Amino acid sequence: MSRKSLVQVQEGRDPKLFGRNFYTLRMERGLTTRKIAMLTGVSTSTIYRIEQGYGCTLAVEAKLAKLLNLVEGQLWSDQTPETDYRLHKQRDDWWFFASTDDAQKYHERHTLVEGDDNFHPGPKEIQEDIERLRLGRTGLAAGFFRNTTSNMLQGRIASSIIELYGDVRSSYPEKTNLYLYCLRNSVKIQCGQDRHELESGDVLTCSLRQPFIMNPAQPVGLSDLPPLMLYVVIDVFGKS
């Protein structure tokens, strides 16, 4: 589709709103850009541009809506909650595998679903602390995250709590601004050529350069608790 026809498709609509809605929904479902590209055939660069507020063609919109089980056109509607606060209760938030490969292997081992693509990255079994500890300590999962993202009247805060057992890579695009707070134990972080080690209470802020990898500074033993990180994304969509 040409640039002109793309503008015509988006006439009277806000592509920044489309991008925010798409990002929020894929994060709630624990979908990385790489996984979306694999399932839909939409390139990661196109997904990045969508989330930056550049919109997309009708054909791409149809693929994304089908993946997210939405009616076509729903991503263009304002879905921002009318509230200036949101409380995330630890007992209510959902845990996801940090790696879709780990999630798929877990489903295959437990025959939870049929087919390679029809699996949930946050099965109910890993909502139990003891199951996440078992998987992480035995090397069957690199990490897990609890999505604490909130849409507010004045903007959106994208954040997660991450349990680390092995290498976890960020799927955010280059130049994304990050705020990383080490809540427990110690963590090694590689951002481009830069390497850092965070102890409990340390904070790292950076503008992301690929690859971005974090892992425990010390191996997590069979009786150890994993490192815990607060991961906040700042200005994902840039200035309006």
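Biologist: Which residues of H6 are buried?

Modeller: Thr100, Asp102, Ala103, Gln104, Tyr106 and His107 are the buried ones. The model is predicted, and local features need pLDDT of at least 70, side-chain atom pairs count only at pLDDT 80 or more, and totals for chains, interfaces and linings use all residues. Residues are numbered from 1 along each chain as its sequence is written, and side-chain values use heavy atoms, without hydrogens and water.

Biologist: What makes Cys206 count as buried?

Modeller: Buried means under 20% relative accessible area, exposed over 50% and partly exposed in between, with a 1.4 Å probe and protein chains only. Cys206 has a relative accessibility of 16%, so it counts as buried. Cys182, at 0%, is buried as well. In the protein chain, 49% of the 240 residues are buried.

Biologist: How do you know that Cys206 is in no disulfide?

Modeller: A disulfide is a pair of cysteine sulfur atoms within 2.5 Å. A search of the whole structure gives zero of them. For Cys206, the nearest cysteine sulfur belongs to Cys191 and is 4.0 Å away, so the pair does not qualify.

Biologist: Why is Asp102 said to have no salt bridge?

Modeller: A salt bridge needs a side-chain nitrogen of Lys or Arg within 4 Å of a carboxyl oxygen of Asp or Glu. Lys105 holds the nearest side chain of opposite charge, 5.3 Å from Asp102, so the cut-off is not met. Lys and Arg count as positive, Asp and Glu as negative, and His and the chain ends are not counted.

Biologist: What lies 2.9 Å from a polar atom of the side chain of Asp102?

Modeller: The backbone nitrogen of Ala142 does. Asp102 is also in contact (heavy atoms within 4.5 Å) with residues including Phe97 and Leu140.

Biologist: Where does Asp102 sit, and what covers the buried residues of its helix?

Modeller: Asp102 belongs to helix H6, residues 100–110. Helices (H or I, at least four residues) and strands (E, at least two) are DSSP runs numbered from the N terminus. The cover over the buried residues of H6 includes helix H3, strand E1 and helix H7.

Biologist: What makes E5 and E8 edge strands?

Modeller: They belong to an open sheet of four strands, ordered E5-E10-E7-E8, with antiparallel pairing. E5 and E8 each pair on one side only. Two strands pair if DSSP finds at least two bridges between them. E7 and E8 have five bridges, so they pair.

Definitions and conventions:
Polar contact = N/O pair within 3.5 Å; in protein donor to acceptor, adjacent residues only side chain to side chain. Lists of a residue's contacts leave out its neighbours within four places in sequence.
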